[in-house]
Amino acid sequence: MLLHLVKKDFLLSKRYMKVMLIASFAIPIFMTFKVDFLSGGFFPFFLSTLYIQYLLFNSVSMLEYKYKGSALLCATPYTRKALVKSKYLFILAIFVCCYIVYTITALLIAGKIEMLSISESGLSLLILSIIFGAIIPVQYYFGYEKSKYIFMFFIFITPFVFPFIIKVVQANNISFQMMLPFPKIVQDLFPFLLALVIGLISMTVSIRIYSKKNL
Amino acid sequence: MKIIISNTSDSPIYQQIKEQIKDAILYGELKEGELLPSIRALANDLRVSVLTTRRVYDELESEGFITTKAGKGSFVAKENLELLLESRRHMVEVKLTEAWNAACSLGISKEELISMMGLLFEEGENE
Amino acid sequence: MNKILEVKGLKKDLGTFSLQDVSFSLLEGCITGFIGLNGAGKTTTIKTILGLVLKDSGSIEFFGKDMNLNERELKNHIGIVFDEGYFYEELTLAEMKSIIAPAYSNWEESVFHKYMEHFRLPLNQKISTLSKGMRMKYAIALALSHHADILIMDEPTSGLDPLVRSELMEILLDFMGNGGKGVFFSSHITSDLEKVADVLILIDKGRIILSEEKDVLLDTHGLVKGEKMALNDQTRELFLTLRETNYGFEGLTNSKHAVRQQMNNVLIEKPTIEDIMLGYVRR
């Protein structure tokens, strides 16, 4: 049942799919070749995934807002809970797709584009889950229209805050290593676990918010 | 069987339908043991509510004109001669009352009315 | 007769509009018309029953089971048709179906295809290309392909031409003839309901004004016309609405029998459902 709702989101964003597929190939290649100061696969992968996830999420939200399809779906045996859960699965599914596409790109253009290490994938997933873990409940709370302005504001201030965030992340990386005397495999998996926890917390919050909405 | 519902009649819709089904049974248009249309089908055809046709069938059943078997439908009851005769007799009385009412309002006397009746009997014998 | 839906003391405050103590029930085997002017609370009531709008208080029971506690199970037995459709217009009919169908545990694909053929609906066309009438038929195909016991429709006939409307009425009667347990059908076009409804429920300003068998309503109510002489303090009481002119009066009564007894030389005509609705709403 959940998977059919995820399928619905993919059907709704079908229009943008081809462009996004090309983007998920092109952006990492472009970034790697044009922006020399970046090293490793993290930034090309992370930024292209963020970009694609946000655009697809936003286009689906816009169509949901326009057609109020969730009212019909909620009148069927689909539950509100399932609708919310499927949204998170949709975002995760896009991440997985982007990961696969990036890996294929890296294999095709071997040597030029670097493969992602486990810790780089983990870090990407973690940051993305923090971002969407905030975006999704905010959108459920304020609705598509209002939250659009909120997100615009955040996108606007990103260039100013981004360097700062990177510093914090780097600092945290160091502190992780100092604080956790675990084997490397555990430390590599830690971001995945944390991302999962954040995702689940955010999902619980969204389910709470959505269960009180009038459709 | 014909059923015509009058919008100008004083009697309620269910009464009109009931009387006409009763007539159909009395005149033998509906034979003993014959299956009647379902409540829904009759309601659809007459464009009345199922609640109305249900009430009609309920009353016809309690008056002994039809029987209803669960899951099978409603049937014209096995002819109950006394009931039928009683009913037919009652009908004659009703019609006569109507005739009498009309006669009264026109100022027709008792003798005149009786002689009219006599004429009808004579005509009937001649035919 | 069994109650297939029982709504008790439903309240919902939406700020500018509120449902005030809405109570009614649907009887098994009946088509129930839910009438009222635009903005009277028909859609809000239906949405509240389905849990799309959350109620402030009250209880909703389908087939004797509480809607809140058995939502998924009960919704499997309900077919829904909304006025606006709430379809994702950019999807094709087949795609939209592929989203809706898995929600129902007893969806039957062959039934759906039978309806699609019967209504001549193009599976691979986008929903946005459908006419209003086709869209309604598509909504019905979706609503009737999972062996629903009860069909709930919000203003299904608004904006449709008379031919399509009468086709819809036939579909409803077929549904009831083929084992459907009930239809709940809101409309402000009362002529549709005149033909098919068994029971009528009238809502106005968020309150239920009337809930009665259609034929009883038509039997007890009358449009009365006559000379003003016939009116006095006592007989005025018999009218829901009364319009007096220099030439006479015209009014709607809810006790036709009493009018016949107490008033001489008046003309009593059979009212339409619309006459009756307006009579109560204007009062």
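## Chain C and its partners in a predicted model

Of the 283 residues in chain C, 43% are buried (20 or more other C-beta atoms within 10 Å of the residue's own, with 12 or fewer counting as exposed, anything in between as partly exposed, and C-beta atoms placed from the backbone). The model is predicted, local features need pLDDT of at least 70 and side-chain atom pairs count only at pLDDT 80 or more, while totals for chains, interfaces and linings use all residues. Residues are numbered from 1 along each chain as its sequence is written, and chains are lettered from A and ligands numbered from 1 in the order in which they are written.

**Chain C as a whole**

Chain C holds eleven helices and 14 strands (DSSP runs numbered from the N terminus, helices being H or I with at least four residues and strands E with at least two). Along the principal axes, its C-alpha atoms fill a box of roughly 70 × 40 × 35 Å. Among contacts between residues at least 6 apart in sequence, 72% join residues at least 24 apart; two residues are in contact if their C-beta atoms, placed from the backbone, lie within 7 Å.

Two loop residues of chain C that are not glycine have a positive phi, as tabulated here.

| Residue | Phi | Loop between | C-beta neighbours within 10 Å |
|---|---|---|---|
| Phe63(C) | near 50° | strand E4 (57–62) and strand E5 (65–66) | 17, partly exposed |
| His147(C) | about 55° | helix H5 (132–143) and strand E7 (150–154) | 15, partly exposed |

**Domains**

Chain C is divided into domain 1 (3–213) and domain 2 (221–282), with bounds from an automatic or database domain assignment. Their centres, taken over C-alpha atoms, are separated by 35 Å. Domain 1 of chain C gives ten residues to the contact and domain 2 of chain C gives six. On the domain 1 side, helix H7 (190–196), strand E9 (199–204) and strand E10 (207–213) of chain C each supply at least two residues. That side has seven nonpolar, one polar and two charged residues (nonpolar: Ala, Val, Leu, Ile, Met, Phe, Trp, Tyr, Cys and Pro; charged: Asp, Glu, Lys and Arg; polar: the others, Gly among them).

Chain B is assigned domain 1 (13–76) and domain 2 (81–126), whose C-alpha centres lie 29 Å apart.

**Contacts of chain C with chains A and B**

In the contact with chain A, 22 residues of chain C meet 20 residues of chain A. Helix H2 (71–75) and helix H3 (93–100) of chain C are the elements giving two or more residues to the chain C side, and H3(C) has the largest share, three residues. By class, the chain C side has 15 nonpolar, two polar and five charged residues.

In chain B, helix H2 (residues 39–46) has Ile39(B), Arg40(B), Leu42(B), Ala43(B) and Asn44(B) buried. Their cover includes helix H3 (50–62) of chain B and helix H6 (162–177) of chain C. After H2(B) comes Arg47(B), with a positive phi near 55°.

**A helix pair in chain A**

Helix H1 (residues 2–12) and helix H5 (residues 80–108) of chain A have axes that come within 8 Å and cross at roughly 60°. Residues of H1(A), namely Leu2(A), Leu5(A), Val6(A) and Asp9(A), meet Ala82(A), Leu83(A), Lys85(A), Ser86(A), Leu89(A), Phe90(A) and Ala93(A) of H5(A). The residues of this contact are eight nonpolar, one polar and two charged.

Terms used
Axes fitted to C-alpha atoms, helices over the stretch in contact; angles between N-to-C directions.
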